[in-house]
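Grab your viewer and a coffee: here are some exercises with worked solutions. Try each task before you read on.

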Amino acid sequence: MLSNGSQNDAKFRVRIIIGIISLLSAVLVFHLYWLQISNAEKYSLMSNKNRIKLLPILPKRGRVISADGKIIAGNVCRHKLVMDRCGEKVFHENMELLNQCLDLTDEDNMRISDLRKTKIPFIVIKDGLSWDEYAKLSMMLFRLNGVFVENTYVRDYKMPLEFSHVVGYVSKDVGKMQILSGKTGIEATFNRQLVGKAGNVQTEVNAAGKRVRVISSEDPVDGKDIVVTIDSELQKYVYGLLSLEKAAACVVLDISNGEVLAMVSVPSFDPNLISGRMTYSQWQAIAHDPMFPMMNRAACCSYPPGSIFKIVVAFAALSEGATSPQDKILCAGGVKLDDRVFHCWNRKGHGKINLYDALKFSCDCYFFEAAKKLGINAIVKYAQKFGFGAETGIEIPNESAGLLPSKQWKFLRYGTSWKPYETMLAGIGQGALLATLMQSAVMLGKLYTGNYDFCPTLIKGGQKYVAVNPINREQSAVIIEALRQVCASGTASRSCRTDYGISGKTGSSQVRTIKSHEVGMDQKLLQWKMRDHAFFVGCAPNKNPRYVVAVLVEHGGGGAHVAAPIARKIFDRLTTK
Amino acid sequence: MRVFFPSEFKILFVILFGLLLVSFLGQYSAFNGCWDGHVQRHIVRIIAGVVVMWCIYAVDFKFWINFAYVFYAFVFVSLIIVDLLGIMKLGAQRWIDLYFFTFQPSELMKLALILSLARYYSLLSPLEMTECKYHISPIFLTLLPSILIFKQPDLGTAGLLLCVGLGIVFLAGFPLKIFATLIISCIALCPLGWFYLRDYQKNRILTFLEPDRDPLGTGYHILQSKIAIGSGHVFGRGFLQGTQSKLNFLPEKNTDFIFTTIAEETGFVGALFVLFLFLSLCGYMFWAAAEVRLRFAKIMCYGLGMLVFLHVFVNVAMVVGLLPIVGIPLPFLSYGGNAMIMFMIGCGLVMSAQKKY
């Protein structure tokens with residue numbers, strides 16, 4: 001261009017430069033088109049993801065309230081200091097300010113820096129801020145980037161030991177943010193009503209994570225309260241009685257409406273600990289406790305029912321015509337079957353006794369004979385009618401169904417045929433037979449209401465049963481009369497003879513075969529694990545039966561000595577109220 | 001009035017007015033719509049720039065022809081001073097602190113190089129221009145400051161200076177075949193230059209080649225910039241409504257990434273408009289170069305036109321992710337005095353050249 005001699009060459013060079021400029025400009029325009037038109041959706045989404053943060057607003061979990069209006073499971077507010085993930089510089093600025101108003105220990109700092117290495121979107125700086133710290137922080141908060149106080153509700157259980165097995169406990173589910181969900185008891189069964197619905201708030205945040213403004217929000221729906229049928233005073237009283245034993249359980253039913261007035265299992269645990277404030281060693285202590293404190297012994301553990309099962313066998317014998325109330329059977333201290341002798345608990349024998357006396361003194365021989373006459377099928381039939389071998393439907397998860405052995409069960413389980421002696425053992429509630437304490441209480445409830453459809457409930461106005469399967473009054477009256485005599489002059493007469501009148505049945509179920517040298521031995525001399533389970537199921541008052549009490553003392557020894565006195569105290573309290 | 005706004009520069013004034021208006025609005029938005037000291041300072045710079053442009057225009061054009069080498073020598077010495085005692089800022093030595101403002105010799109070097117190359121070629125005879133040996137000294141004039149700036153380290157400015165210098169040498173008539181050979185061998189030798197780069201520069205280039213390498217570290221800037229531009233769509237999020245820039249996701253939104261701020265808020269249409277303004281300015285300078293008779297003025301105008309375009313291209317290509325981040329400001333629009341004054345001087349020179357053929 002600049003050499004006049006070669007004008008064409010100069011123009012050519014300028015054109016090359018202009019060509020390059022046009023080409024590069026076109027590249028820019030096309031790339032802008034690609035970014036802003038072709039991929040606009042993608043980048044808009046990324047932009048919104050940058051700035052919009054969706055935060056849940058947790059609903060308040062519904063409370064559990066006792067029949068007498070006490071809040072058993074409530075919520076308490078806890079302030080938690082949380083920091084979003086942020087850059088190194090912002091982090092150090094934040095920590096410097098935070099150290100001025102919080103006493104962060106070295107351990108805390110270690111934990112925080114460890115958390116920073118993970119991919120968790122936010123770091124909990126401190127949980128459970130005191131009011132003092134909260135006030136100081138509130139003054140400081142506007143200077144901090146991406147740091148905020150979160151108010152969370154934690155479960156607060158009143159009377160934790162008394163109610164632990166009924167109410168259960170809650171914990172956070174993995175991957176479900178911070179919503180608590182019930183794990184056992186009422187908390188688990190009614191989790192859906194209790195949990196409510198989480199709301200959310202969309203906030204705009206800046207690059208440092210500081211919240212700039214709220215875009216939209218949806219209010220949470222709080223959970224519904226659940227009113228249980230348990231009377232807190234009674235529950236406390238029963239727990240006080242049982243806690244003297246190593247392991248025990250008790251169920252108190254109001255048979256007029258099926259409500260469970262008390263349900264206690266000992267030993268117990270503190271659900272406050274498990275619901276989120278527990279150290280590893282505390283959990284280990286509970287989980288590996290040889291007494292299994294988390295087991296609900298009232299509804300979720302099965303035991304051989306022992307003599308209390310005789311009520312069912314007696315009823316079956318009357319109904320099937322195997323015996324009549326006054327038919328007498330000779331008890332000589334034992335029954336011989338093939339080569340084996342099956343002893344009565346009283347080796348001297350009860351002599352010739354009828355049904356009333358057999359129940360009164362809990363004669364084993366009478367029921368061996370009755371069982372032999374009935375056969376296992378008839379026993380199972382009536383046991384099923386009285387609710388054995390199936391869950392009672394109480395509103396507690398993992399309820400045990402117990403075990404009702406039959407020929408079929410034996411064959412499927414062991415592949416061998418049913419032996420006659422097993423029928424005899426079933427007649428006295430031993431052998432393979434297993435039942436929960438709740439089933440025993442419900443059995444008595446069915447008997448006294450005269451209705452096979454009786455079922456228990458833990459919820460006020462909960463399960464209402466319709467009476468369609470009445471029990472034959474004639475036969476049930478005989479049994480009830482016999483049970484009255486048990487408390488008036490029979491096995492339980494020492495502890496249960498009262499003005500208002502109790503009717504019931506004691507039981508001492510063996511947990512092993514008694515060796516010959518141990519006959520008549522004092523149970524207290526035996527190892528705890530070897531002792532009999534002590535049972536008592538009863539109903540009072542006699543005039544107008546209303547309350548069923550079932551007591552179990554695990555390895556307590558004799559039912560009459562250990563379980564019946566406890567039941568008596570409970571009855572006293574119920575009737576004088 | 002004619003003295004202040006000579007009517008023959010109507011087109012240039014319209015383009016400049018457009019750019020300065022965009023500049024003001026862009027900075028106002030990038031400072032979150034706050035009428036604070038920063039925005040006021042920017043306005044002062046715009047006004048100072050216009051005054052400087054007018055002063056340059058007022059000076060007799062012959063002065064620049066005579067002054068070119070002196071100017072070059074002065075800026076070159078300044079560059080050496082920067083190397084020796086310049087203050088440390090952002091890990092790079094680029095400034096001399098003059099108390100009332102920080103002086104950045106590398107910006108002025110672009111002008112000085114264009115002027116001195118124009119001066120050199122204006123004295124060559126046409127025959128000499130076709131010979132290789134007469135082009136050796138211009139190449140040295142280009143290479144020496146480029147190396148000094150590269151050592152500062154400022155890879156972007158050094159490369160830009162080299163491109164402008166070589167562009168002028170090419171236009172001046174450097175034999176085509178040798179020029180092509182030189183360029184190709186330079187490109188082939190590029191990988192060797194890798195070993196002279198600093199770690200952060202290597203990181204930038206690696207990130208450019210593979211943007212997902214470190215999205216929260218070195219890749220953060222470019223990713224956030226692309227998100228901002230992309231989310232602008234056709235008409236943008238609206239003036240002062242850009243969330244990426246307002247909520248500080250975008251780094252350096254006032255300086256290197258001012259184009260991103262504008263593209264986010266005004267969309268594809270706004271971005272094209274800004275590019276159109278710059279290309280018009282560049283085209284105006286090329287047109288002026290074709291019009292003027294003096295060879296010195298011709299070369300100077302072509303050089304300035306290329307300088308404007310290279311600045312715009314490198315900056316925009318950088319923020320849209322086509323080039324590594326090298327810290328080249330967008331003419332007139334980026335916050336900062338040195339570049340603003342430099343381009344205003346450039347405009348003044350073009351006007352001056354047109355006044356005096």
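**Exercise 1. Find which residue of strand 12 of chain A stands opposite A:Val251, then work outwards to the sheet.**

Step 1. The residue facing A:Val251 in strand 12 of chain A is A:Met263. A quick note before going on: this is a predicted model, where local features need pLDDT of at least 70, side-chain atom pairs count only at pLDDT 80 or more, and totals for chains, interfaces and linings use all residues. Residues are numbered from 1 along each chain as its sequence is written, while chains are lettered from A and ligands numbered from 1 in the order in which they are written.

Step 2. Look at the strands themselves: strand 11 (residues 248-254) of chain A runs antiparallel to strand 12 of chain A, with 7 bridges between them. Strands here are DSSP E runs of at least two residues, helices are H or I runs of at least four, and both are numbered from the N terminus. Two strands pair if DSSP finds at least two bridges between them.

Step 3. Now the whole sheet: it is open, has 5 strands in the order 12-11-19-18-17 (chain A), and pairs antiparallel. Strand 12 (259-266) and strand 17 (503-509) of chain A sit at the edges with a single partner strand each, so one side of each has no neighbour in the sheet. From one strand to the next, the twist averages 5°. (Axes are lines fitted to C-alpha atoms, for helices over the stretch in contact, and angles run from 0 to 180 degrees between N-to-C directions.)

**Exercise 2. List the contacts of A:Val251, leaving aside neighbours within four places in sequence, and place this residue in its core.**

Step 1. Contact means that the C-beta atoms of two residues, placed from the backbone, lie within 7 Å. By that test A:Val251 touches A:Val260, A:Met263, A:Ala298, A:Leu437, A:Met438, A:Ala441 and A:Ala550.

Step 2. Check what lies over the sheet: helix 18 (residues 437-449) of chain A crosses strand 11, strand 18 (533-540) and strand 19 (547-553) of chain A, at about 155° to strand 19 of chain A.

Step 3. A nonpolar core is a set of buried Ala, Val, Leu, Ile, Met, Phe, Trp, Tyr and Cys residues joined through C-beta atoms within 7 Å. Buried means 20 or more other C-beta atoms within 10 Å of a residue's own, exposed means 12 or fewer, and partly exposed is in between, with C-beta atoms placed from the backbone. The largest core has 124 residues, and A:Cys250, A:Val251, A:Val252 and A:Ala563 touch the most other members. Helix 21 (residues 559-576) of chain A supplies the largest share of this core, 9 residues. At least three residues come from each of domain 2 (54-227) and domain 3 (295-576) of chain A; the domain bounds are from an automatic or database domain assignment.

**Exercise 3. Work out how many residues of strand 18 of chain A are buried, and trace the partners of this strand.**

Step 1. The count is 8 of the 8 residues, so strand 18 of chain A is largely enclosed by the rest of the structure.

Step 2. Split the strand by side: A:His533, A:Phe535, A:Val537 and A:Cys539 point one way, A:Ala534, A:Phe536, A:Gly538 and A:Ala540 the other, and all are buried.

Step 3. Strand 17 of chain A pairs antiparallel with strand 18 of chain A over 7 bridges, and A:Ser503 has A:Cys539 as its bridge partner.

Step 4. Strand 19 of chain A is also antiparallel to strand 18 of chain A, again with 7 bridges, and A:Val537 is opposite A:Ala550. These two strands make a hairpin with 6 residues between them.

**Exercise 4. Which helix of chain B gives the most to the side that touches chain A?**

Step 1. Count the contacts: 40 residues of chain B meet 33 residues of chain A.

Step 2. Among the elements giving two or more residues to that side of chain B are helix 7 (155-172), helix 12 (258-291) and helix 13 (295-319) of chain B. Helix 13 of chain B gives the most, with 8 residues.

Step 3. Sort that side of chain B by type: 26 nonpolar, 11 polar and 3 charged. Here Ala, Val, Leu, Ile, Met, Phe, Trp, Tyr, Cys and Pro count as nonpolar, Asp, Glu, Lys and Arg as charged, and the others, Gly among them, as polar.
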